[in-house]
Amino acid sequence: MEDLIIRPMTEDDAEAAERVSDAAFLGVDRRSRRVGDPEPTGRTPEHRAGWLETTRHLVRTDPGGCWVAEDHTGVVGVATSLRRETLWCLATYAVLPDRQGQGIGKPLLAAALDHGRACLRGMLSASTDPRAVRTYHRAGFELHPQMRMTGTVDRSAIPVVEKVRDGSAGDVDLMDSLDRLARGAGHGPDHHLLLRTSQLLVSDTSTGRGYVYVAADGRPVLLAASDRRTATRLLWAALADTTDSVTVAHLTGANQWAIDVGMAAGLELHQEDYLALRGMKPPAPYVHSGTLL
Ligand SMILES: CC(C)(COP(=O)(O)OP(=O)(O)OC[C@H]1O[C@@H](n2cnc3c(N)ncnc32)[C@H](O)[C@@H]1OP(=O)(O)O)[C@@H](O)C(=O)NCCC(=O)NCCS
């Protein structure tokens with residue numbers, strides 16, 4: 001502990017930080033594993049590449065929000081956060097498993113929280129780690145349980161989905177407006193990252209507007225809409241293209257419309273972790289991205 005320092009993260013730290021984050025979350029998955037669940041494995045190469053791209057993006061957009069803890073052994077902890085308009089989001093917070101509970105995480109989180117001190121709102125997707133949840137609660141966050149739906153979509157249940165088109169960078173202003181409606185702040189530069197890494201579907205009619213980013217495996221990454229009907233249409237459009245098992249994560253109780261879609265599609269509902277919020281209610285109709293929220 002004597003030589004531990006907390007310092008701003010650079011892009012060169014990304015690979016070491018990824019290894020810390022992967023090991024820490026593997027530990028969480030092992031602890032929260034239920035009877036019958038498969039043995040958790042570390043990240044896939046695709047997941048790792050996505051994590052690295054997102055983290056390097058955040059170091060560039062929010063150098064004051066991204067921190068590492070380092071000692072003579074190298075990087076032992078990481079916290080990345082972002083500020084978008086009046087909203088602060090925590091993207092990653094992790095300490096190496098064999099170094100947890102020794103006071104490393106506390107100053108790391110303090111540095112990231114300081115980046116958001118002028119923000120009226122805060123948002124983060126909390127793991128089930130009791131240390132993390134206690135810390136967020138103490139920092140003034142309310143904890144909202146999240147659910148996750150998983151399974152293979154029943155093809156016979158898919159309705160005819162109309163009024164959905166492919167989106168592009170020309171939709172960013174519309175998407176930022178929808179973000180402000182849902183969570184009080186646009187995603188700004190994060191839309192350009194998401195446009196590079198996932199497919200964008202948009203619904204823009206006289207009665208409702210919305211968008212959904214869809215990952216290569218068919219998973220909806222981020223969805224925002226002006227109304228439940230448009231949100232429902234977009235979630236079906238995302239699910240309609242899946243053939244293998246798909247997961248729809250980060251569903252709060254405020255988004256029953258998404259649970260209605262998942263149930264109709266034959267997916268299984270599971271209790272997951274928490275959406276931690278400060279200065280705001282659970283956004284709806286909205287499915288957050290986990291990292292960029
Ligand atoms: C969450 C995490 C980053 C915290 O880092 P850490 O170095 O373990 O945290 P610290 O030792 O600084 O302790 C932070 C707080 O948790 C408390 N704590 C420590 N061990 C605890 C335990 N077993 N149960 C409950 N609280 C505990 C500490 O007392 C401290 O609270 P304090 O402010 O009252 O002193 C780290 O444990 C981790 O990587 N967990 C797995 C990944 C994860 O869940 N990340 C959060 C994602 S949202």
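## Backbone outliers

E85 is partly exposed, with 44% relative accessible area, and in this predicted model E85 lies in the loop that joins strand 3 (74-84) to strand 4. Although E85 is not a glycine, its phi is positive, at about 55 degrees.

H250 likewise has a positive phi without being a glycine, in this case about 65 degrees, but its setting is a strand, namely strand 11 (residues 246-252). With a relative accessibility of 17%, H250 counts as buried, because the cut-off for that class is under 20% relative accessible area. E85, at 44%, falls in the partly exposed class because its value lies between that 20% limit and the 50% above which a residue is called exposed.

A further backbone feature concerns the peptide bond from A284 to P285, which is cis, with omega near -10 degrees. P285 belongs to the loop between strand 12 (268-278) and strand 13 (286-287).

## The shell around the ligand

The ligand is surrounded by 23 residues, of which G101, G103, G105, S127 and R138 are the closest. By class, the residues of this shell divide into 10 nonpolar, eight polar and five charged.

Several elements of secondary structure contribute to the shell, and at least two residues come from each of helix 1 (14-31), strand 4 (87-95), helix 3 (105-115), strand 5 (121-126) and helix 4 (130-138). Helix 4 supplies the largest share, with six residues. Strand 4, one of these contributors, is also the strand at one end of the loop that holds E85.

## Polar side chains at the ligand

Three side chains place polar atoms at oxygen atoms of the ligand, and they are taken here one by one. For S127, an N or O atom of the side chain is 2.5 Å from a ligand oxygen, and S127 is also listed among the closest residues of the shell. For R138, another of those closest residues, a polar side-chain atom lies 2.7 Å from an oxygen atom of the ligand. For Q100, the corresponding distance between a polar side-chain atom and a ligand oxygen is 3.2 Å. On its own the ligand has 950 Å² of accessible area, and the protein covers 78% of that area.

## Cysteines

How many disulfides does the model contain? The count comes to zero, and the distances around two of the cysteines illustrate this result. C66 takes part in no disulfide, and the nearest cysteine sulfur, which belongs to C89, is 12 Å away. C66 is buried, with a relative accessible area of 0%.

C119 is also in no disulfide, and here too the nearest cysteine sulfur is that of C89, at 8.6 Å. Neither C66, at 12 Å, nor C119, at 8.6 Å, forms a disulfide with C89, because such a pair requires sulfur atoms within 2.5 Å. Like C66, which is buried, C119 counts as buried, at 12% relative accessibility.

## A buried threonine in helix 2

T55 sits in helix 2 (residues 45-61). Is T55 buried or exposed? T55 is buried, with a relative accessible area of 2%. When residues up to four places away in sequence are left aside, T55 touches M9 and T80.

Conventions. Residues are numbered from 1 along each chain as its sequence is written. This is a predicted model: local features need pLDDT of at least 70, side-chain atom pairs count only at pLDDT 80 or more; totals for chains, interfaces and linings use all residues. Side-chain values use heavy atoms; hydrogens and water are left out. A residue is near a molecule or strand if one of its heavy atoms lies within 4 Å of it. A polar contact is a pair of N or O atoms within 3.5 Å; within protein, one must be able to donate a hydrogen and the other to accept it, and residues adjacent in sequence count only if both atoms are side-chain atoms. Accessible areas come from the Shrake-Rupley method with a 1.4 Å probe; for residues, only the protein chains shown count as cover. Helices (H or I, at least four residues) and strands (E, at least two) are DSSP runs, numbered from the N terminus. Ala, Val, Leu, Ile, Met, Phe, Trp, Tyr, Cys and Pro count as nonpolar, Asp, Glu, Lys and Arg as charged, and the others, Gly among them, as polar. Buried means under 20% relative accessible area, exposed over 50%, partly exposed in between (1.4 Å probe, protein chains only). Contact means heavy atoms within 4.5 Å.
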